[in-house]
Amino acid sequence: MSELIADPARGLVYGNRGCLHDDAGRIRRFSATKRWIACRLRFRGWHRSPLMRPGGFTELFFLDEATALAAGHRPCALCRREDYNHLLATWRHGPANADAIDARLNEERLAGRERRLHDAAFGELPDGAFVMLDGAPHVVTGERVLRWTPSGYVEARARPRGRAFVLTPPSLVELLGTDREPAVPLLHPSAKAGVRADRRSTGTPATDRPRPGTASPSSSRSGRCD
């Protein structure tokens with residue numbers, strides 16, 4: 001939902017939307033820029049300590065790339081250059097540069113301070129897209145949806161039919177629908193575990209119908225950037 005929460009869970013993707021805290025480390029603002037990015041956890045051996053330094057950007061962490069995209073963060077142009085170049089190459093909404101992309105994503109993810117939801121058919125959503133169901137965020141994967149929590153996915157259920165309230169900005173849903181292998185894990189390992197558990201409980205055969213944008217989680221090679 002783009003909200004800022006404190007949780008002990010360990011994320012697989014690093015995020016940045018500017019300096020959100022004061023000198024005492026208290027969160028004072030929702031965002032300081034339209035440039036919301038998602039990074040590798042590790043890059044070039046760089047190390048930041050301590051976190052949330054006075055005047056520095058506020059370090060954010062996401063469960064996986066699907067979560068970061070749902071929150072409205074795009075791939076970083078430094079530590080995820082190939083992912084960023086892929087976004088530029090597949091962008092279909094005017095100028096393909098950081099300022100134009102960030103401005104459009106800001107319009108797609110927010111209506112003032114409120115999250116903007118988008119209408120789409122469930123059957124057209126690629127793996128990794130987030131939807132709202134029963135008041136909670138769920139990720140689409142294959143023929144199922146899984147409820148998101150800060151530490152992993154739970155409660156698999158069949159992908160509904162009909163229309164969906166989509167959290168992931170439409171331009172990033174389009175990115176998910178392209179042929180890509182991101183440098184950070186698209187889905188947390190709990191997504192596979194949740195689907196397997198659901199198959200065992202329902203007797204569903206262990207085969208997936210391939211869907212647009214499907215990518216297997218890669219190792220967390222991920223970073224720190226601006």
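Which residues does T33 touch, not counting residues up to four places away in sequence? The legends below take up that question first and then turn to other parts of this predicted model.

**Figure 1. Close-up of T33 in the loop between β1 and β2 (37-39).** When residues up to four places away in sequence are not counted, T33 touches R17 and G18. Another residue to look for in this view is N16, which is 17 residues apart from T33 in sequence, while the C-alpha atoms of T33 and N16 are 9.5 Å apart in space. A polar atom of the T33 side chain lies 3.0 Å from the backbone nitrogen of R35. T33 is partly exposed, with a relative accessible area of 31%.

**Figure 2. Close-up of R80 in the loop between β4 (74-75) and α2 (81-90).** With a relative accessible area of 1%, R80 counts as buried, because buried means under 20%. Leaving aside its neighbours within four places in sequence, R80 is in contact with A38, C39, R40, E65, P75, R180, P182 and V184. One of these residues, A38, offers its backbone oxygen, which the side chain of R80 reaches at 3.3 Å. The side chain of R80 is also joined to the side chain of D83 by a polar contact of 2.9 Å. A183 can be located in the same view, since R80 and A183 are 6.6 Å apart in space, C-alpha to C-alpha, although they are 103 residues apart in sequence.

**Figure 3. Close-up of S2, in the segment before β1 (13-16).** The backbone of S2 has a positive phi of about 70°, although S2 is not a glycine. S2 is buried, and its relative accessible area is 3%.

**Figure 4. Close-up of D134 in the loop between β8 (130-133) and β9 (136-141).** D134 is a residue other than glycine with a positive phi, the value being near 50°. Whereas S2 in the preceding view is buried, D134 is exposed, with a relative accessible area of 72%.

**Figure 5. Close-up of the largest pocket, in which about 1,300 Å³ of space lies.** The pocket is lined by 39 residues, and those closest to its centre are G11, E59, L60, F61 and F62. Two elements, β3 (60-62) and α1 (65-71), are the ones that give two or more residues to this lining. Sorted by class, the lining has 24 nonpolar residues, together with six polar and nine charged residues.

**Figure 6. The protein chain as a whole, with its five helices and 12 strands, as a setting for the close-up views.** The chain has 226 residues, of which 50% count as buried; R80 and S2, shown in the views above, are each described as buried. Among the contacts in the chain with a separation of 6 or more, 72% are accounted for by residues 24 or more positions apart. The accessible surface of the chain comes to about 11,300 Å², and carbon and sulfur atoms hold 50% of that surface.

Key
Residues are numbered from 1 along each chain as its sequence is written. This is a predicted model: local features need pLDDT of at least 70, side-chain atom pairs count only at pLDDT 80 or more; totals for chains, interfaces and linings use all residues. Side-chain values use heavy atoms; hydrogens and water are left out. On a 1 Å grid over the protein atoms alone, a cavity is a set of points where a 1.4 Å probe fits but cannot get out, and a pocket is an open set with protein on both sides within 12 Å along at least five of seven lines; lining residues have an atom within 4 Å of a point. Grid points are joined across faces, edges and corners, and a volume is the space filled by probe spheres set on the points. Helices (H or I, at least four residues) and strands (E, at least two) are DSSP runs, numbered from the N terminus. Ala, Val, Leu, Ile, Met, Phe, Trp, Tyr, Cys and Pro count as nonpolar, Asp, Glu, Lys and Arg as charged, and the others, Gly among them, as polar. Buried means under 20% relative accessible area, exposed over 50%, partly exposed in between (1.4 Å probe, protein chains only). Contact means heavy atoms within 4.5 Å. Accessible areas come from the Shrake-Rupley method with a 1.4 Å probe; for residues, only the protein chains shown count as cover. A polar contact is a pair of N or O atoms within 3.5 Å; within protein, one must be able to donate a hydrogen and the other to accept it, and residues adjacent in sequence count only if both atoms are side-chain atoms.
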